Amino acid sequence: MLQLLKSLTLFAIGLQLALYDLLQVYESSIYRKVITFSYITRGQSTMPFAEQHSKKYDAIVIGAGFSGLYMLYRLREAGFSVQVYEAAPDIGGTWYFNRYPGARCDIESIYYNYTFSEELLNEWEWSSKYAEQHEILNYINFVADKLDLRKDIQLQTRVTSAEYNEENQKWEIELENGSIVIATYFIPAVGVLSASNIPNIKGIDQFKGALYHTGEWPHEKVDFKGKRVGVIGTGSSGIQAIPVIAQEAGHLTVFQRTPQYSSPAHNHPLDSETIHKTKENFNEIRETMYTSMHGVPSSASTRAAVQDTPEERERIYEKAWQEGGLFSLLYTYSDIAFSPEANETVAQFIRSKINKTVHDPETAKKLMPNFYYGTKRPILNTDYFETYNRENVSLIDLRTAPIEEITPSGLRTSDLAYDLDILVFATGFDALTGPLLKLNIQGKNGVTLNEKWADGTQTYLGIATSGFPNMFMITGPQSPSVLSNMIVSIEQHVDWIIDCLAYLKEHEVEAIEANAEAEQMWAKQCKAIADMTLLSKTDSWYMGANIEGKPREFLAFAGGVGPYRQICDQVASKGYEGFTLLSASQQTEDRKGDKTMSRNANLDPQARFVLEQLEALGGPPMETLPPEEARAGANFSPLAGPPEKVGHVTNKTITGPGGEIPVRIYSPEGEGPFPALVYYHGGGWVIGDLETVDVPCRRIANQTNCIVVSVDYRLAPEHKFPAAIEDAYAAAKWVANDADSIQVDPNRIAVGGDSAGGNLATVVAMMARDKSGPAIVRQILLYPVTNHTFDTNSYEENDDGYFLTTAMMKWFWNHYLRDEKDGENPYASPLLADDLSGLPPAFVITAGFDPLRDEGEAYAERLKAAGVPVEKTRYDSMIHGFCWMPGAIEQGKNALDHVASTLKRTFDFVETT
Ligand code: N01
C-alpha cells in the first residue's frame, strides 16, 4: 500500500493508467512448469532430409534493422551461433525503406540511439534535435561496422516461411531460393511498421504516372520539380513529406481523410554543450528512460487539467507547444489520456493553433481534428499547417468527396478528377501483426500464426505465443512497442531474450513455450489497460482499424515502458513463469502454482495490473514502517482518478470529545434540505484521511444528489480505541443537530464507510440505537472490518498478494486496540455484539480477493438474522480497497454508483413515507 506514493509518479503520466500495487499476482496466476519429454535419439537414416542437409544455427534472426542488429550482437557475444537474413539490399530496416522527403525521427536524436555501449555513445554525434533519415541510417551503419555485424548478415535474402518441427524441436526456415536453414531459436526482428498498406483503390494499376509509398521509397531521387503531385494520407509520414514536396512540386494536392493533431518539432542543430551534457549524464538519463512511461527521460505532470483555470491551462499548453517534444502536450496533465473533458481542453488548444496558422478559413476548417488527442501517435511537424498557405498546395477533404477511382491520368473523387504526374501513398502500415503474419509461420500441430491470430492477437508479454516454442518476437504486439521510444523497447526485449536463452542453456532446457493461460491473462490485461484510457476509443492503426478485416483490438501494452520492464523481469526472476520449459533431462513436473493460478483467472485484469504495478515498485511492507511513514506513503489519489466537480466543497472543523474534528462537506447545487451521508474513510484506523476518499465522496454526492460529510476522525496509535468511534459518533450527531446550518434533512441521514470506516459506520449506528441518538436511515458498509480475528477462509485465501494482507490487518488492529480485551468489545468487533436488532437497513459490499470478505458477509448474515433488512453484494473479482480506485478499476466506479443508487432509493423512500 505504501508504495502508492511512488506509484503516483507513474500514474501521473497520462497514459499510464492509474494502476499500482500489491503483490505477486503473477506468482500465483501464471505458473512455471517443467515438463520432461523423451528426447528421441535419431540415427542418420531416420533424420529428416532438411536436418541432414541444411545449415544449422542456434538462432536465426530475420531483419537487420535496429532490433535485428542488436539481437545479433548479443547472441554472438553470448556464444550462440547466429545468422541474420535481410530481404533488403542493405541493413537499416525501417530506416532503409522510409527515405521519403522529410523523413526524420520523432524522438530526440540524443535519446534515439542504442544505450548499451558507452563506446558507441561517445563516438557518435547527432547533428540536430530530430535527425533526418539518412543520418539515422548512417548511425546504423556506423554501429554495424563498429561491432563487425555484417559478416553474419545475409542481405537480399527473403524468408518465405518458418515451420516448427516438433520432432526435433527445431525451426526450419525456408529462404526465397528454396533452401532451408535450421535453428533452435527463431527470432523475427521484422519491425512493427514494415508491412506497407497500399489501399485497394479501384484502378490503381491503370495509373500512368509514378506511384510511390512512403514506406518503400526508392533510392533514386524523386524529381517533383514542376510536377503535379498528389499525396494520399496525413499521418506522420504524410505530415513530414507534404511540406518538403510542396517546396518543389508544381502543384501539390493533399487528399486527406482524417485531419490530425500535430505540433511543431522546433527542430534545430544540436550545440556541443547539449551533446556533452547528455553524454556526461547518460547513466542517469538511461535509468529514467528505462523506468519511464514512453522510454524518454520525461514524465507527465501529476496535476489534473480540471484543477487549473482555462488561463493557466493555456499557459501550460503554450509552453509545451514551444518545447516541441513528442509527448510535451500529452504530459501537461495527468488526465489527458483518461478524461474526455481534459482531453478536449488540449484538443481545443491545438485546433486554435491550426486556426491561427492557416489563412484560408475553409482550409483551416478541413484541417480540424476531432478524435481524442494522443489516441494516435502524436505527430511533430515542420511547417505542416503553414504549407496550406502556399499557392501551389490544395487540400481535398475525402470525408465529403471520397476517392472513387485512380485513373490513368490521376485520381477521381466523387466531386472532381485530378490530373497527376506523381501519386504518393502515405497510407501507413499493417502495423505490429502485419510483418509477422507475412512470414508464413507455422507452429505446433500444423497451426499457422495467421490461423492462431485470426480472431485476435494472443501473446504472452508480446514476446512469445503459445504453440510456437522457441520463437521470440521483438517489440511485438501487446508490448509497449509503438507507444514508446522504439530503441529502448528493442534493447529491453533483446536483453530479456538473451537472459532467457542463458537460463535455458544453464538448465538444459530444450524448448520454451508460452502457456495458453498466461497469454489469455496477458491479452485481457492489455485490453483492460487500454480501456482505462481513451486509446481504445479511437479508430487508429493501434486498434488495427486501418486494415480491412483486421480484428479490432488495442495492439500494444499501454501500461508503460517502466512497469512493463518490471513485469518481464518478475517473470524471469520466477523461473519464467507463464512459460512451459521442456527439458531433455529427467525432471519432475512442477505445477505448484496451478491452484492459485486458476483462482487468479477470476481476478479482474485491472485489479491485477494495479497489483502488479505495486509489486513492481517494491518498497518495504507497510507493517514494517512507523505509522507516520505509512501514512505518508498512502496516497491513493492516482488510483482514484481525477476529482469530479461538486456544487460546493467546504472544509471545516466541528467540536469532538477529544478536540476539533476536521470534516469536509460536499453539497449539491441548489436549495436544500438534502439527505446526507456521513462517511468514514478506511485505513485500519491508522492511515487515511479526507483526501483518500475525496473522489469517491464526490461521486456519491453527485450520483445521489445528497450531502456527503466526510469525517477525519482521530487515528491510532496516537489515539487508540475508542477515540475513532467517539469522533465518528460525534460527527453523526453534529450532522443531525446542526442539520439546518448545512442544509441537511435530519430525517434522512445515512452513515457509511469502507474497511475500518465501515466498522465505524456500523458502530455509529449501534451507538445511535443504544443512546437514542440520531435516526440513521441506512448503513453503507464497504468491505467492513467486523471482527478482531484472522481465522476465516478469506484470510487464508488472501493472506498475501491482494493489496490488504493478514500482516497489515494485524498491524492495524495492534495499533488500534489498547489490549486484546478491546477486541471483544462489540464497538470494536460488531460481529460479536449480542444484539444487532433495531439497526438501520444495511447495504454490504464485499470483495472476492479480500481477507475481510468472510467477516463482512458473516456480519450481513447476523444483521439479517436480527431482522435488519440487508442487501449484500460480493464483487467476486475485486480486491480490498477497490472503491478507492475508480480511476484505475472500473468496478470501483460501478460499486460507488451502486452505493449511490441504494442511497437514493432509501432517501426517496423515507421522503415519501
Ligand atoms: O501512417 P498512418 P504513417 N484513403 O497510418 C490515410 C510511424 N512514423 O505512415 O486516418 C485515404 O498514421 C489515413 O487516413 P485515416 C509513427 O509511429 C514515424 O503516416 O485512416 N486515406 C492516414 O491519414 C506513425 O504513427 C515517423 O482516415 C487513407 C494516412 O493515410 C506510423 O509510423 C514518421 C487511406 C496513414 O497514416 C504510421 O504513420 C513516419 C485510403 N484508402 C511514420 N488509407 C517518425 O517521425 C489510409 N489513409 C519517426
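Is lysine 893 buried, partly exposed or exposed, and what is its relative accessible area? In this predicted model, lysine 893 is partly exposed, with a relative accessible area of 26%, a value that falls between the bounds of under 20% for buried residues and over 50% for exposed ones. The salt-bridge partner of lysine 893 is glutamate 890, and the closest N and O atoms of the pair are 3.8 Å apart. Glutamate 890 is likewise partly exposed, at a relative accessible area of 36%. Both residues belong to helix α30, which spans residues 890-912, and because they are 3 residues apart in that helix, about one helical turn separates them. Elsewhere, salt bridges with shared partners link Arg664, Glu691, Asp694 and Arg698 into one network.

These interactions are part of a total of 48 salt bridges found in a search of the whole structure. A further example is provided by glutamate 312 and arginine 315, whose closest N and O atoms are 2.8 Å apart. The two residues lie in helix α11 (residues 310-323), where a spacing of 3 residues corresponds to about one turn of the helix. Glutamate 312 is partly exposed, with a relative accessible area of 27%, and arginine 315 is also counted as partly exposed, at 46% relative accessibility. A salt bridge in another setting joins arginine 748 to aspartate 745, with 2.7 Å between the closest N and O atoms; here arginine 748 and aspartate 745 are both buried.

The arrangement of the chain as a whole can be described through its domains. The domain assignment gives domain 1, made of residues 55-194 together with 431-583, domain 2, made of residues 210-425, and domain 3, made of residues 630-910. Between the C-alpha centres of domain 2 and domain 3 there is a distance of 49 Å. For residues 677-883, an unreviewed UniProt entry lists the feature "domain: Alpha/beta hydrolase fold-3". In the model, this span is 34% helix and 22% strand, and the C-alpha atoms at its two ends lie 16 Å apart.

The nonpolar interior was examined next. The largest nonpolar core contains 152 residues, among which Phe66, Leu75, Leu252, Leu461, Phe472, Trp496 and Phe579 touch the most other members. Helix α17, covering residues 486-506, supplies the largest share of this core, namely 12 residues. Since domain 1 (55-194 + 431-583) and domain 2 (210-425) both give residues to this core, the core lies between them. The surroundings of phenylalanine 66 can be given in detail: when neighbours within four places in sequence are left aside, phenylalanine 66 is in contact with Trp95, Tyr112, Tyr114, Ile136, Tyr139, Ile140, Ile487 and Ile490. A second core, separate from the one just described, comprises 113 residues and includes Ile700, Ala750, Leu839 and Phe882.

Two loop residues were also considered. Proline 101 is placed in the loop between α5 (94-97) and α6 (118-123), and at 17% relative accessibility proline 101 counts as buried, because the cut-off for that class is under 20%. Apart from neighbours within four places in sequence, the contacts of proline 101 are Trp217, Phe224, Gln240, Ala241, Val244 and Ile245. The C-alpha atom of proline 101 is separated by 65 Å from that of leucine 715, a residue 614 positions away along the chain. Serine 109 lies in the loop between α5 and α6 and is buried, with a relative accessible area of 1%. With neighbours within four places in sequence again excluded, serine 109 is in contact with Trp126, Ser128, Lys129, Tyr130 and Ala131.

Strand pairing was traced through β21, β22 and β24. Strand β21 (residues 648-656) pairs with strand β22 (residues 659-667) in the antiparallel sense, over 9 bridges, and a hairpin connects β21 to β22 through 2 residues. In this pairing, glycine 656 stands opposite glycine 659 of β22. Strand β22 also pairs with strand β24 (residues 707-711), again in the antiparallel sense, over 4 bridges. Serine 710 in β24 is the bridge partner of arginine 664, and Arg664 is one of the residues in the salt-bridge network that includes Glu691, Asp694 and Arg698.

Definitions and conventions. Residues are numbered from 1 along each chain as its sequence is written. This is a predicted model: local features need pLDDT of at least 70, side-chain atom pairs count only at pLDDT 80 or more; totals for chains, interfaces and linings use all residues. Side-chain values use heavy atoms; hydrogens and water are left out. Two strands pair if DSSP finds at least two bridges between them. A nonpolar core is a set of buried Ala, Val, Leu, Ile, Met, Phe, Trp, Tyr and Cys residues joined through side-chain atoms within 4.5 Å. Buried means under 20% relative accessible area, exposed over 50%, partly exposed in between (1.4 Å probe, protein chains only). Domain bounds come from an automatic or database domain assignment. Contact means heavy atoms within 4.5 Å. UniProt positions are given in the numbering used here, feature names are shortened, and annotations may be inferred rather than shown by experiment. A salt bridge is a side-chain nitrogen of Lys or Arg within 4 Å of a carboxyl oxygen of Asp or Glu.
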